[in-house]
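I opened this model to look up how its helices and strands fit together, and I kept notes as I went.

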Amino acid sequence: MSKKTLYLASPYGFSDHWRLKLLPEFITKLESMGACVWEPFARNSSIDLSIPGWPNKVAASNLNDLRQADGLFAIVNG
C-alpha cells in the first residue's frame, strides 16, 4: 500500500523564519504518521517569481496538488 498524500496548507511558508523553524516539525510529524506531505511553498520553489504571470502558475500548481492529494491538513491561526 502506498503512502497517502497530504496537502499541507499553512501560513508559515510566507516567512523564512517559520518556514525553516516550524514547518519542518509539522512535516516530520505527519510523515512519521505515514503520510507523504506536499508542502506548497517547497513544491512551487522552481517557479520564477520574476516572470509576469507567476501568481497564476502558483495558483494553478496549488489547485492541481489539492485535486491530486488524498487529503488536506490545514494549520489555521487566528
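The entries below go from one helix to the strands, then to a loop and a surface patch.

**Entry 1, ground rules.** I am working with a predicted model, in which local features need pLDDT of at least 70 and side-chain atom pairs count only at pLDDT 80 or more, while totals for chains, interfaces and linings use all residues. Residues are numbered from 1 along each chain as its sequence is written, and side-chain values use heavy atoms, with hydrogens and water left out.

**Entry 2, helix α2.** I took helices and strands as DSSP runs numbered from the N terminus (H or I with at least four residues for helices, E with at least two for strands). In α2, residues 23-32, I looked up the buried positions and found Leu23, Ile27 and Leu30; buried here means under 20% relative accessible area, exposed over 50% and partly exposed in between, with a 1.4 Å probe and protein chains only. Seen down the axis, the buried residues of α2 fall within an arc of 70°, so they line one face of the helix; the arc is taken from the directions from the helix axis to the C-beta atoms. I noted the general background that an α-helix has 3.6 residues a turn, so residues three or four places apart point the same way. On the face turned away from the buried side of α2, I found the exposed residues Glu25, Thr28, Lys29 and Ser32.

**Entry 3, what α2 packs against.** I then followed the buried residues of α2 outward and found them packing against β1 (4-9), α1 (16-21), β2 (35-38) and β3 (71-74), where contact means heavy atoms within 4.5 Å. After α2 comes Gly34, with a positive phi near 100°.

**Entry 4, the strands.** I counted two strands as paired if DSSP finds at least two bridges between them. β1 pairs with β2 in the parallel sense over 4 bridges, and Lys4 stands opposite Ala35 in β2. β1 also pairs with β3 in the parallel sense over 4 bridges, where I found Leu8 opposite Phe73.

**Entry 5, Ile47.** Is Ile47, in the loop between α3 (40-43) and α4, buried or exposed? Ile47 counts as buried because its relative accessibility is 18%. Leaving aside neighbours within four places in sequence, Ile47 is in contact with Trp54, Lys57 and Val58; from Ile47 to Lys57 the C-alpha distance is 7.5 Å, at 10 residues apart in sequence.

**Entry 6, Leu63.** I closed with Leu63 in helix α4, residues 54-68, which counts as partly exposed at 41% relative accessibility.
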